[in-house]
Amino acid sequence: MDWEKVNEISRKVAGELARKWPVVELDDVHQEIMLHMMEQRSHLEKRADDHDFLRQVAWRAAKSYASREQQQKDLADGQYFYTPDEVRTTLKSFIYTDEEIGEMIGRKDDLTRCRITDNITSARIDAGVALRKLKPEYKEAVTRTYIYGLPPASPGEAKSAQRAVDALSTAMNAHIRSKARSAQ
């Protein structure tokens, strides 16, 4: 494997990504890409002459790193964020219409075992937007398990539903962050 070539590709990708994601720095991104390439070298060696393939792998590694860094920054900035438990509660509320939720504000709900506040309305809106961004299989898993309340058919389906809630939580948090950035 030509590591000079890999390093050159990684450096270019790191520079492009660092310009798009201000939360990361070029050297850190480059280091993460190279670490990923080293860890995956047995797979990469099979297509070591394919420049486009190496660039694509570098981009995936760079975007993954930048996304993790952005998520860490968002969680540490003191602004509100949805937890997976709050997302599950929000999903359970989808069996109610908006009118029913409006009538329940201030009272305790037997299903979710919590006091219904007007925050549920904004959480339902954020969840609705984020649900459209989920992969179809994740959307199906959260709908079946948390909205309809059906038990998972298998341990694999239960795990998929948990992953789907995590993905939905991330999407909801990204949505509220983008709203906050556009309001500035």
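## Helix H1

Let's start with a length check on helix H1, which covers residues 3-20: at 1.5 Å a residue, its 18 residues should span 26 Å, and the end C-alpha atoms are 25 Å apart, so the two values agree. Please keep in mind that this is a predicted model.

At the start of H1, the side chain of Asp 2 offers an oxygen that comes to within 3.2 Å of the backbone nitrogen of Glu 4. Further along, the buried residues of H1 are Val 6, Ile 9, Ser 10, Val 13, Ala 14, Gly 15, Leu 17 and Ala 18.

## The chain as a whole

How many helices and strands does the protein chain have? There are nine helices and two strands. Reading from the N terminus, the order of the elements is α-α-α-α-α-α-β-β-α-α-α, with the two strands following one another between runs of helices.

Of the 184 residues in the protein chain, 36% are buried. The chain exposes about 11500 Å², and carbon and sulfur atoms supply 50% of that area. As for contacts with a separation of 6 or more, 63% of them join residues that are 24 or more positions apart.

## Rings and charges

What sits over the ring of Phe 53? It is the charged end of Arg 47, 4.1 Å from the centre of that ring. A second case involves Lys 135, which lies over the face of Tyr 138 at 4.5 Å from the ring centre. As for pairs of aromatic rings, the structure holds zero.

## Pro 22 and its loop

Leaving H1, we come to Pro 22, which is found in the loop between H1 and helix H2 (26-39). Is Pro 22 buried or exposed? Its relative accessibility is 75%, and the cut-off for exposed is over 50%, so Pro 22 counts as exposed.

Pro 22 also has a distant partner in sequence to look at: Ala 66 is 44 residues away along the chain, and the C-alpha atoms of the two are separated by 9.1 Å.

## Ser 42 in helix H3

Helix H3 takes in residues 41-44, and Ser 42 is found there. With a relative accessible area of 45%, Ser 42 falls between the limits of 20% and 50%, so this residue is partly exposed.

Which residue lies 41 positions from Ser 42 in sequence and 9.8 Å from it in space? That residue is Met 1, with the distance taken from C-alpha to C-alpha.

How values were computed
Residues are numbered from 1 along each chain as its sequence is written. This is a predicted model: local features need pLDDT of at least 70, side-chain atom pairs count only at pLDDT 80 or more; totals for chains, interfaces and linings use all residues. Side-chain values use heavy atoms; hydrogens and water are left out. Helices (H or I, at least four residues) and strands (E, at least two) are DSSP runs, numbered from the N terminus. The expected span of a helix is 1.5 Å times one less than its number of residues. Buried means under 20% relative accessible area, exposed over 50%, partly exposed in between (1.4 Å probe, protein chains only). A polar contact is a pair of N or O atoms within 3.5 Å; within protein, one must be able to donate a hydrogen and the other to accept it, and residues adjacent in sequence count only if both atoms are side-chain atoms. Contact means heavy atoms within 4.5 Å. Accessible areas come from the Shrake-Rupley method with a 1.4 Å probe; for residues, only the protein chains shown count as cover. Rings of Phe, Tyr and Trp (its six-membered ring) pair if their centres lie within 6.5 Å; planes under 30 degrees apart count as stacked, over 60 as edge-to-face and the rest as tilted. A charge sits over a ring if NZ of Lys or CZ of Arg is within 6 Å of the ring centre and within 35 degrees of the ring normal.
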